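Me: Please take a close look at the ligand site in this structure and describe its surroundings in a connected account. I would also like the backbone and burial details of selected residues elsewhere in the chain.

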Amino acid sequence: MATNRTFTMIKPDAVANGHIGAILNDIIADGFKIVAMKYTQLSPEMASKFYAVHKERGFFGDLVSFMSSGPIVAAILEKDNAVEDFRKLIGATNPADAAEGTIRNKYAKSIDANAVHGSDSDENAEIEGSFYFTAFEKF
Ligand code: CMP
């Protein structure tokens, strides 16, 4: 059964372009509750660890350097069917393919600078949320 939590990061491009507030508004308007949130910056080592699942991919180096290039907002979100609903809200990984009105359609520029991350499974939502937050920081 699907759990009711997912994990997101507002990526360095969206933070630098001043979209934190608009993106959080879209997330809340879609019915998600924020249960943990942090404004921080990943070191290259932390970004490599977070995205270790992609380490054999050709884009891994660019991904790590982009994700450690500036501050991000990390958050755990709660809603029924959270993982699937959030992926619908953010749209396709490549903003060129993201449906009209989705967060990536509105705020992303490229497949690397794609504004937000969303967990792709319940299992990864738990792993990724726990990467940033202790049990005492999840409400
Ligand atoms: P994200 O959901 O954060 O997960 C991995 C990231 O790698 C993805 O978003 C993209 O920003 C980035 N990426 C770059 N190139 C690719 C690619 N060809 N396929 C998938 N993800 C890619």
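Reply: The account below begins with the ligand site and then moves to other parts of the chain. The model is predicted, and the distances and areas given here are computed from it.

The ligand occupies the space of the largest pocket. Its surroundings are formed by Lys11, Tyr51, His54, Arg57, Phe59, Leu63, Thr93, Arg104, Ile111, Asp112, Asn114 and His117. Sorted by class, this shell consists of four nonpolar, four polar and four charged residues. The charged members are Lys11, Arg57, Arg104 and Asp112.

Three polar approaches to oxygen atoms of the ligand can be described in turn. At Ile111 the backbone is involved: one of its polar atoms is 2.6 Å from an oxygen atom of the ligand. At His117 the side chain is involved, with a polar atom 2.9 Å from an oxygen atom of the ligand. At Asn114 a polar side-chain atom is again involved, and the separation from an oxygen atom of the ligand is 3.3 Å. As for the overall cover, the ligand on its own has 450 Å² of accessible area, and the protein covers 80% of it.

Asn114 deserves separate treatment. This residue belongs to the loop between α6 and β4. Its relative accessibility is 2%, under the 20% limit, and Asn114 therefore counts as buried. Besides the approach to the ligand, a polar atom of the Asn114 side chain lies 3.1 Å from the backbone oxygen of Thr93. Thr93 is itself listed among the residues around the ligand, so the Asn114 side chain has a polar atom within 3.5 Å of a ligand oxygen and also one within 3.5 Å of a shell residue.

The residue that follows in the numbering, Ala115, is placed in the loop between α6 (103-107) and β4 (116-118). Its phi is near 70 degrees, a positive value in a residue other than glycine. Ala115 has 0% relative accessibility and is therefore classed as buried.

A second positive phi, of about 55 degrees, is found at Asn81, which is not a glycine either. Asn81 sits in the loop between β3 (72-78) and α5 (82-90). What is the exposure class of Asn81? Its relative accessibility is 28%, which lies between the limits of 20% and 50%, and Asn81 is therefore partly exposed.

Several helix residues complete the picture. Val15 is part of helix α1, residues 12-16, and is buried because its relative accessible area is 11%, under 20%. Between the C-alpha atoms of Val15 and Lys138 the distance is 23 Å, and the two residues are 123 positions apart in sequence.

Ile27 lies in helix α2, which spans residues 20-29. With 1% relative accessibility, Ile27 also counts as buried. Its C-alpha is 12 Å from that of Phe7, at a sequence separation of 20 residues.

Phe50 is located in helix α3, residues 44-50. Its relative accessible area is 9%, and Phe50 is accordingly buried. Phe50 and Ile76 are 26 residues apart in sequence, and their C-alpha atoms are 15 Å apart in space.

Ser65 is found in helix α4, residues 60-67. A relative accessible area of 44% makes Ser65 partly exposed. From Ser65 to Ser48 the C-alpha distance is 9.0 Å, with their positions 17 residues apart in sequence.

To return to the site, the ligand fills the space of the largest pocket, and its oxygen atoms are approached by the backbone of Ile111 and by the side chains of His117 and Asn114. Asn114, which is buried at 2% relative accessibility, also has a polar side-chain atom 3.1 Å from the backbone oxygen of Thr93.

Methods. Residues are numbered from 1 along each chain as its sequence is written. Side-chain values use heavy atoms; hydrogens and water are left out. A residue is near a molecule or strand if one of its heavy atoms lies within 4 Å of it. A polar contact is a pair of N or O atoms within 3.5 Å; within protein, one must be able to donate a hydrogen and the other to accept it, and residues adjacent in sequence count only if both atoms are side-chain atoms. Accessible areas come from the Shrake-Rupley method with a 1.4 Å probe; for residues, only the protein chains shown count as cover. On a 1 Å grid over the protein atoms alone, a cavity is a set of points where a 1.4 Å probe fits but cannot get out, and a pocket is an open set with protein on both sides within 12 Å along at least five of seven lines; lining residues have an atom within 4 Å of a point. A molecule sits in a cavity or pocket if more than half of its atoms lie within 2 Å of its grid points. Helices (H or I, at least four residues) and strands (E, at least two) are DSSP runs, numbered from the N terminus. Buried means under 20% relative accessible area, exposed over 50%, partly exposed in between (1.4 Å probe, protein chains only).
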